[in-house]
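User: I would like to go through this model and ask, for each label, what it rests on.

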Amino acid sequence: MTKLAPAPPMAPPTPPARRRLRRPSGLALVTWVYIAWSLVPVLLAIRFAFNEGRSRTSGQGFSLRWFWTDPTLSVRNDPTLWSALEHSLVLAGLAMLIATPLGTALAIGLQRWRGRGSGVTNILTLLPLVTPELVFAVGLFLLFTSLFGFIGLGTTAQVIGHVTFSISWVVLIVRGRLVMIGRDVEEAAADLGAPPWHVMRRVLLPLLAPAIAAATLSVFALSIDDFVVAQYMASGADTTTVPMRIYASARAAPTPALNALVTIMLALTLLALVLAWLAYKRLSRGQEAGLTTFAAGGTK
Amino acid sequence: MRRWGWLATPGLAWLAAFFLVAFYAIVAVGFGNVTDVYEPVPHWNPLDWNVGYMLQALDDLLPGGRSWGVFLRTLLYVGLALALSLAIGYPVAYYVSRHARGRTKVVLLVLLVAPFWISYLMRMFAWTNLLDSQGYAAQALNALSIDSLFRAVGLLDGDDWLGGQPIAVILGLVYGYVPYLILPLYAALDRIDQRLIEAARDLGASPAGAFRRVVLPLSKAGTLGGIVLIALPMFGDYYTPDLMSGSPRTAMIGNTINNAVQGGPDKALGAALTLLLSLFLLVFMLYYLRVLRREEGT
């Protein structure tokens, strides 16, 4: 899919005093039914992960066998499942390490770039966001099997693919914060005698830190959930990620171990969300920061 | 402050190398040739371009060609999925943006954003559990005779919800992408000033009239943006038919490209098809690019 990551910038909510008094219960019903339809299937899938029997379609007792106790089929003991889990995390980690600095630098650089070509480079930065994922994956695949054949397919190719589309998201998130911060604080610091590097390190980057935290989290989520790019860049069994494993096994009568794998991934994503939220709160002491700002990607 | 412009260079170099060149690789292979063992030979130099595969791809996609049926089917599935997504998403976005308040609103927003954090494939996988012949959804749908309804319209054939059924693919697309439509819709509807609606009411409009003449027109741009946002990935989707149906009967154009490029001897044709698909989607992509740049400016 074209990379569709967390929420776009949201306008501030209208104050309650101006709202209509009439409450359409029909719309409320539709909304809650939608929410249920949207989330209950996943909740059920999680429930089946704790089944004692082999059923993936109905509840059968409660057991952790599919997570780690079953000697051959559990996530812990089945090499295909466990290596998929490890590989997904490795890719996400590398993508975060590379995409965040690259994207942040790009955002800052673009903001400061006033010369020729700034319009074109802006468009170049946004292009990965509007390109369908299949097109991008095909391009990378053909590239890495010809001109860039020295890189070839495999983990490196997968990381490169993930970083490439993540950079655009990092730029989008960081740039929003940059615009909000504005030039005043930097110029004040410079006027007070701080050399440019000091201004960057001790004024700009700390102010940007919350957005960088939100951007890092986005890269993690994008990488963990990516399927098409990872599949096209894969080179064999040991470059399989969790989404690839799901795709390969979902129609082949899998055991609830696959559900367990999904549950673990969701738990890890939740953990990442919580960590990022805590980092965000801590880094934005003294600045404007709330749940809606965080959810909107550190911009507002 | 100008001196920091150079910071952009590593990122731009990366994007140039791994995005622009990657796209040009599709062009080079699509206009290239193929060895005796069916390995593609990219023609990087435009003067060397061989139009053979592009013409073949064009021939396939035009009426009467090998892939014309698939293309039509893709248009049908995407069209139905977009219509359904809008029908579901707009009321939800409207309710949450204009009628929900306080704590409820925050809870609703968190729940609406939740699917973003769950992998698309995991959400589809959840449905394979439910639509299996013994699954809760299959049993419920059969009990409610909804299966007969779909059979009457020709979207369901037989008993197996997961076996080559168009309705499963269409509903899969809707389930997968509607969360990505609701948030832009929410943003567009939330932006509308309540005072405009109140003014309309003060001037004598009924609630429905105020909706029709104030809210609907003002939300048009945002709605269009949201539709384009989900239409783009739908056109390249191949994993939803693979997971929800597994049959060539419901193959979409993404499947054709995927089979050609990853499957084997048709990589040049696959590249050519990808180029044509990109051309077709170019209009949508440019429109969405404009929306993004406009949003950044506000």
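User: Among the elements of chain B, which has the lowest mean pLDDT and which the highest?
Analyst: This is a predicted model, in which local features need pLDDT of at least 70, side-chain atom pairs count only at pLDDT 80 or more, and totals for chains, interfaces and linings use all residues. Residues are numbered from 1 along each chain as its sequence is written, with chains lettered from A and ligands numbered from 1 in the order in which they are written. On pLDDT (the predictor's confidence in each residue, from 0 to 100), helix H7 (residues 146–153) of chain B has the lowest mean, 81, and helix H3 (residues 68–98) of chain B the highest, 93; helices are DSSP runs of H or I with at least four residues, numbered from the N terminus.

User: Why is H4(A) called oblique to H1(B)?
Analyst: Helix H4 (residues 118–130) of chain A and helix H1 (residues 8–30) of chain B pack at about 55 degrees, with their axes 11 Å apart; axes are lines fitted to C-alpha atoms over the stretch in contact, and angles run from 0 to 180 degrees between N-to-C directions. Angles under 35 degrees count as roughly parallel, over 145 as roughly antiparallel, 65 to 115 as roughly perpendicular and the rest as oblique, and therefore H4(A) is oblique to H1(B).

User: Which residues make the contact?
Analyst: Taking contact as C-beta atoms, placed from the backbone, within 7 Å, H4(A) contributes Thr121(A), Leu124(A), Thr125(A), Leu127(A) and Pro128(A), and H1(B) contributes Ala8(B), Leu12(B), Leu15(B) and Phe19(B).

User: How many residues of chains A and B are in contact?
Analyst: 89 residues of chain A are in contact with 85 residues of chain B, and helix H1 (residues 25–49) of chain A supplies the largest share of chain A's side, 13 residues.

Terms used:
Two residues are in contact if their C-beta atoms, placed from the backbone, lie within 7 Å. Helices (H or I, at least four residues) and strands (E, at least two) are DSSP runs, numbered from the N terminus.
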